[in-house]
Amino acid sequence: MFGLSPEATLLLNAFIAVVVLILMITRMRIHPFIALIITSGFLGLICKMPLPQIVKSFQDGFGGVLGFVGIVLGLGTMLGKMMAESGGADQIAQTLVRAFGKEKVHWAMMLGAFLVGIPLFFEIGFVLLVPLVFIVARRAGVSMIKVGIPMLASLSVMHGLVPPHPGPLLAIGVFGADIGKTIFYGFIVGFPTVVIAGPMFGSFIAKHVLVTPSEDLVNQLAHQSSSKELPGFGITLVTVLLPVFLMLLKTSVDINLPDGHHIRVLMDFIGNPIVALLAAVLLSIYTFGIARGFTRQQVLRFFDQSLAPTAAIVLIIGAGGGFKQMLVNSGVGTAIGQMAVHAQISPLLLAWLVAGVIRIATGSATVATITGAGIVAPLVTLIPGTNRELLVLATGAGSLIFSHVNDAGFWLVKEYFNMSISETFKTWTAMETIISVVAIIFIMLLNAVI
């Protein structure tokens, strides 16, 4: 095309596809689900992919995302509904507002999400905590953006930088890094990054972006509870944090017991995110349901009601996964990564840059981390003295930059917070970019002193 190299042609194709997608949604008012399907097919055609592979790539990406995220969203939404109906969310919100005051409640959300995000995947932490964002914002009388951005920043940093999340864990294996040191350095880099990208940026951007949450989601997650008596703060935390506890227990057992040990096999099952969330939902039937005076028929009705508002969200996220897979299978991610390798810069900056361009191209932080680590790893042996743990963090930081329309997380945040595409860019995309840039600055500073 126009005498461009194959890599440059793929990059141009990806850019054209993203522009077409944005125009279809914003100008032509086509539903994001339909727009993502059309754009995915268009990208496959201009990249000259075989016609059968175009459909299969989209189908694989759609199913790959929803195979995990769909189940997590369903169970998490049910748990959130029970927490709202019982008054558990109201109880936590009141306690946080009392403890931190209305002016500092966004710091409470940051700290809570930072702890919850240690063992939880981003999507699970999101569906567990988003009801609190709705209800804390209402209780404290502050913007949903001001409360939500600190929560999102904490979960994103934990997901991108700290094991046992899949990206950092796989990068540790590729680089041969030490998991304990990586976790330790991850906290050193992660906490100040969250402070800057979370409460500080959230307070700033909340003054410039005003959002009105969806009435359906507000009614579901932040309305006055139907229970006459609020559940206790302790039992509410136990129910909501049960998945966190089970996943932390799994991680601890994995570290301390050898492969194949019967206890480790059992905990790998119990600590699986889907099983852990299911356990919390089953516990909530008693703690948030029967113990609050609800009948089994009422609990069943709550579960039915909880799934309806998330149907469109699930389809959009799945279609975003299909678009991401089309970018991966067309060779865009690999082509951009190879172009970045030719730059003569520090290994840490190179790892950040390679992961960053793959993230922008494919929309997946995990794909960016794994692919970026695979591309950079052979160069590490050529440059002695490179800190392998910081390489993991640099790759993870790059994998978070500039989340946009090819990222399922972009649509998750957009739909739950009821924002336009431009508002999502100003809030979520800007926050992710701040996280990535601030994190690599702290990583380079840390590298100078260790």
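A pocket here is an open set of grid points with protein on both sides within 12 Å along at least five of seven lines, and its lining residues have an atom within 4 Å of a point. With that in hand, let's look around this predicted model.

**The largest pocket**

Start with the largest pocket, where 28 residues make up the lining and Glu123, His159, Ser364, Ala365 and Thr366 sit nearest the centre. The space inside comes to about 530 Å³. Quite a few helices chip in: α3 (51-66), α7 (122-140), α8 (144-161), α16 (311-329), α19 (365-380), α21 and α22 each give two or more residues to the lining. The largest share belongs to α3, with four residues. As for chemistry, the lining of the largest pocket splits into 11 nonpolar, 11 polar and six charged residues.

**The second largest pocket**

Next up is the second largest pocket, at about 380 Å³. Its lining has 17 residues, and Gly112, Ala113, Val116, Leu237 and Leu241 are the closest to the centre. Two or more lining residues come from each of α5 (88-100), α6 (105-116), α7 and α12 (233-256). Here α6 gives the largest share, seven residues. What about charge? The lining of the second largest pocket counts 16 nonpolar residues, one polar and no charged.

**Two helix pairs**

Now for some packing. Two packed helices are described by the angle between their axes and the distance between the axes. Here are the values for two pairs:

| Helix pair | Angle | Axis distance |
|---|---|---|
| α9 (residues 166-175) and α20 (residues 388-398) | about 140° | 9 Å |
| α21 (residues 408-416) and α22 (residues 421-449) | about 110° | 10 Å |

An angle of about 110° falls in the 65 to 115 degree range, so α21 is roughly perpendicular to α22. The α21 and α22 crossing is right-handed. On the α21 side, Gly409, Phe410, Trp411, Val413 and Lys414 make the contact, meeting Ile421, Thr424, Phe425, Trp428 and Thr429 of α22. That contact of α21 with α22 has six nonpolar residues, three polar and one charged. Both of these helices also turned up above, in the lining of the largest pocket.

The other pair, α9 and α20, is oblique, because about 140° is not over the 145 degrees needed for roughly antiparallel. The crossing of α9 and α20 is right-handed too. Pro168, Ala171, Ile172 and Phe175 from α9 touch Arg388, Leu391, Val392 and Thr395 from α20. Sorted by class, the residues in this contact of α9 with α20 are six nonpolar, one polar and one charged.

Terms used
Residues are numbered from 1 along each chain as its sequence is written. This is a predicted model: local features need pLDDT of at least 70, side-chain atom pairs count only at pLDDT 80 or more; totals for chains, interfaces and linings use all residues. Side-chain values use heavy atoms; hydrogens and water are left out. Axes are lines fitted to C-alpha atoms, for helices over the stretch in contact, and angles run from 0 to 180 degrees between N-to-C directions. Angles under 35 degrees count as roughly parallel, over 145 as roughly antiparallel, 65 to 115 as roughly perpendicular and the rest as oblique. A crossing is left-handed if the near helix is turned anticlockwise from the far one by less than a right angle, and right-handed if clockwise. Contact means heavy atoms within 4.5 Å. Ala, Val, Leu, Ile, Met, Phe, Trp, Tyr, Cys and Pro count as nonpolar, Asp, Glu, Lys and Arg as charged, and the others, Gly among them, as polar. On a 1 Å grid over the protein atoms alone, a cavity is a set of points where a 1.4 Å probe fits but cannot get out, and a pocket is an open set with protein on both sides within 12 Å along at least five of seven lines; lining residues have an atom within 4 Å of a point. Grid points are joined across faces, edges and corners, and a volume is the space filled by probe spheres set on the points.
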